[in-house]
Amino acid sequence: MTAEAIQDKLKVIVQPYVNHQENFDNLTSQSDFINDLQINSANLVDVVLDVEDEFDIRIENDDMEKMISVEATVNVIQKKLKSK
Amino acid sequence: MIGNDIVDLKKAKTDSNIFRPRYMEKVLSQNEQNLVFSSPNPEQRFWRLWTMKESAYKAFQRELNFKSIFNPFAFYCELIDLENGLVHFEGNSVKTTTFNSENYIYSSVSYSTFTRSLIANSMEELLQNLRMEFGESSQPELLKLKNGLPFIKIVSKIIPVSTTHHGLYFAIQF
């Protein structure tokens, strides 16, 4: 799957947890979940779980700790999909 | 060291389903999960551990200057009594104090006895409380400096603070 396709799916996943609509509308690979999209940290867990379900992958802690921006999350997903 | 975190229990209930499959496994060690499920109030116990981890994260991030990570596992909680606890992180540990009310749970790092926490229902009220603390003419101003860390400016002094906001509650530790 291309990074763009993953990012599109990720955008749908994060939407219910976003607290900054304008930054969400202008989402880029550089968007940060906490500072830009203002996702609260308890919902970051939901993002990780939703990503696992959507892509049918399992994410361990050392990958989870990087998942604070769109780009880093897309990279983790891509890596996991390749090793499937 | 300062670091604090507040959870509005009502908002937490609508925002997060902590009992969703695999949720706790992503956040808590097996021992910590046992602490949650052996508690008469698992939900409150979960948020106590969560706020302990968050406040320790903020304290260590300020102290050690690391960039943001999302790894609740790196912060391991031990409960001493109903209020006090310890959070371990990479060989270091900090003491935390948790205040449990019906509506919110508030934890802060209690490294030094000289830190104070104020809790309010709005940013304006919090600033009003700071004015009462430092004097009417102190004109407290909240600033974010390097790495986005918060400080307050009181007259000409700049004091490091930790701030937290969730739902109806705003808190500051200094």
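Strand β8 (residues 150-154) of chain B pairs with β9(B) in the antiparallel sense, over 4 bridges. Within this pairing, Lys153(B) has Ile158(B) of β9(B) as its bridge partner. The model in which these strands appear is a predicted one. The two strands belong to an open sheet of 3 strands in chain B, ordered β7-β8-β9 and paired in the antiparallel sense. At its edges stand β7 (141-144) and β9 (157-160) of chain B; each has a single partner strand, so one side of each is left without a neighbour in the sheet. From one strand to the next, the twist averages 35 degrees.

Chain B also holds an open sheet of 5 strands, in which the order is β1-β5-β4-β3-β2 and the pairing is again described as antiparallel. Here the edge strands are β1 (4-8) and β2 (76-79) of chain B, each of which pairs on one side only. Neighbouring strands of this sheet are turned against each other by 25 degrees on average, direction ignored. The partner of β1(B) is strand β5 (residues 104-109) of chain B, and these two are joined in the antiparallel sense over 5 bridges. One pair can be followed by residue: Asp5(B) has Ser107(B), in β5(B), as its bridge partner. Across the strands of this sheet lies a helix, α3 (residues 42-64) of chain B, which extends over β1, β2, β3 (84-89), β4 (92-100) and β5 of chain B. Helix α3(B) runs at about 35 degrees to β5(B).

Chain A may be approached through its helices. Helix α1 (residues 3-14) of chain A has 12 residues and reaches 16 Å from its first C-alpha to its last, close to the 16 Å expected at 1.5 Å a residue. Which residues of α1(A) are buried? They are Ile6(A), Leu10(A) and Val14(A). These residues lie on the same side of α1(A) because they cover an arc of only 65 degrees around the axis. The other side of α1(A) carries the exposed residues Glu4(A), Ala5(A), Asp8(A) and Val12(A). The buried residues of α1(A) pack against α3 and α5 (70-82) of chain A.

Helix α5(A) can be read in a similar manner. The helix α5(A) contains 13 residues and reaches 18 Å from its first C-alpha to its last, close to the 18 Å expected at 1.5 Å a residue. Buried in α5(A) are Val70(A), Thr73(A), Val74(A), Val76(A) and Ile77(A). Their arc around the axis is only 160 degrees, which puts them on the same side of α5(A). On the other side of α5(A), Lys79(A) and Lys82(A) are exposed. What do the buried residues of α5(A) pack against? Their partners are α1, α3 and α4 of chain A.

The last topic is the contact between the two chains. Chain A contributes 15 residues to the contact, and chain B contributes 15 residues. On the side of chain A that touches chain B, the elements giving two or more residues are α3 (41-55) and α4 (61-64) of chain A. The largest share of that side, 8 residues, comes from α3(A). By class, the side of chain A that touches chain B comprises 9 nonpolar, 4 polar and 2 charged residues. Helix α3(A) thus appears in two settings: α3(A) gives residues to the side that touches chain B, and the buried residues of α1(A) pack against α3(A).

Notes. Residues numbered from 1 in each chain as written. Chains lettered and ligands numbered in written order. Predicted model: local features only at pLDDT ≥ 70, side-chain atom pairs only at ≥ 80, totals over all residues. Contact = placed C-beta atoms within 7 Å. Nonpolar A, V, L, I, M, F, W, Y, C, P; charged D, E, K, R; others polar. Expected span 1.5 Å × (residues − 1). Buried ≥ 20, exposed ≤ 12 C-beta atoms within 10 Å, placed from the backbone. Arc of directions from axis to C-beta. Pairing = 2+ DSSP bridges. Axes fitted to C-alpha atoms, helices over the stretch in contact; angles between N-to-C directions.
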